[in-house]
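Please open the model in your viewer and keep the sequence panel beside it. The tour moves from one selection to the next.

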Amino acid sequence: MTDTLAPPAPSPQRARTLAWLQENGVYVALAAVVVVNAVITPNFLTVASLRTQAIQVVPVLIIALGLALVIGTEGIDLSVGSVMALTAAVVPLYLGYGALPAVLAALAVAACVGVVNGWLVAVIGVQPIVATLALLVGGRGLALVFAGGQSKDIENEALLALGSDELLGVPYVVLVALVLTLLVAFLVRRTTFGRQLVAIGGNRTASDLAGLPVRRVLIVVYVISALLACVAGLIATARLEASDPSTIGNLIELSAITAVVVGGTPLSGGRVRILGTVAGALLMHLIRVTLITQDVPDSAAQMIQAAIIVAAVYVQRGRGTGQ
């Protein structure tokens with residue numbers, strides 16, 4: 001007979017505290033960062049400052065929405081930054097036909113990337129991190145080929161309006177992010193596709209045996225992630241008024257993954273928190289802004305962000321499934 005020692009069960013009080021932190025920690029941390037900035041950062045709560053912060057966080061937020069869906073299926077998508085670069089490279093090629101054809105061409109290229117990612121993961125069975133890592137490298141290389149290795153100025157007024165104009169005082173980019181957030185939240189919480197997505201992330205084998213369209217759902221999820229990355233690329237290009245595939249979207253996937261994890265969507269899948277993802281994106285952006293305004297060296301800022309990621313993963317360990 002072999003004796004086994006089971007790990008001690010957490011006390012009820014510790015279990016309740018951990019559960020509460022899993023649900024609300026990101027909102028408490030975001031509120032604390034806002035209060036700290038209101039005290040130590042001059043003019044932080046002015047309309048101009050809040051407008052600037054909202055605009056700057058939009059690309060990461062939009063990409064994080066797509067990554068939340070992918071991570072909800074127990075996957076990962078490292079190619080989103082390269083999709084932004086591809087968008088920046090493709091748009092100038094078709095701007096001579098007008099803004100709409102150029103945007104549609106960029107969306108079509110992004111959809112192809114999403115299909116390839118989804119096909120590799122769902123049909124071939126390649127690990128998501130390996131499949132999307134290949135397109136992380138190859139996609140940016142292809143973007144540089146499209147662009148001839150050069151940055152190009154964007155002069156199309158309709159496209160530039162996306163990055164600079166506003167409606168009733170609200171920048172277009174913020175409105176786009178708001179609409180996309182509502183659409184993704186509706187998709188997750190109110191549609192059959194959203195429930196299938198969460199179920200597949202919770203237990204892919206059981207979902208397959210239950211007759212759920214696992215392959216189709218996974219492919220669609222990666223396509224959505226790529227299309228959202230394309231939108232972020234369009235916004236970045238319009239804001240810069242230039243197409244620069246060598247720098248646009250560089251390492252943005254790390255910021256977006258951090259926002260998703262800090263927001264409460266576990267890397268183990270089976271759960272998607274859209275509101276938490278929004279709060280996570282805002283939290284990580286404001287932390288970085290705070291460190292910059294306080295003249296903290298970039299190396300120290302990166303270590304602080306890494307510590308936040310570790311803390312978020314620690315809090316989420318052993319998290320069950322459910323929305």
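What follows is a short series of selections, with a description of what each one shows.

This is a predicted model, in which local features need pLDDT of at least 70 and side-chain atom pairs count only at pLDDT 80 or more, while totals for chains, interfaces and linings use all residues. Residues are numbered from 1 along each chain as its sequence is written, and side-chain values use heavy atoms, with hydrogens and water left out.

Begin by selecting helix 7 (residues 172-190) and helix 10 (residues 214-240), whose axes come within 11 Å and cross at roughly 170 degrees. Helices here are DSSP runs of H or I with at least four residues, numbered from the N terminus, and axes are lines fitted to C-alpha atoms over the stretch in contact, with angles from 0 to 180 degrees between N-to-C directions. The two helices, helix 7 and helix 10, are therefore roughly antiparallel (angles over 145 degrees). Now show the side chains of V173, V176, L180, V184 and L187 in helix 7, which meet I224, L228, V231 and I235 in helix 10, contact meaning heavy atoms within 4.5 Å.

Keep helix 10 and add helix 8 (residues 192-202): the axes of helix 8 and helix 10 come within 10 Å and cross at roughly 105 degrees. That makes helix 8 roughly perpendicular to helix 10 (65 to 115 degrees). From helix 8, F193, Q196, L197 and I200 meet V214, V217, L218, V220, V221 and I224 in helix 10.

How values were computed: Angles under 35 degrees count as roughly parallel, over 145 as roughly antiparallel, 65 to 115 as roughly perpendicular and the rest as oblique.
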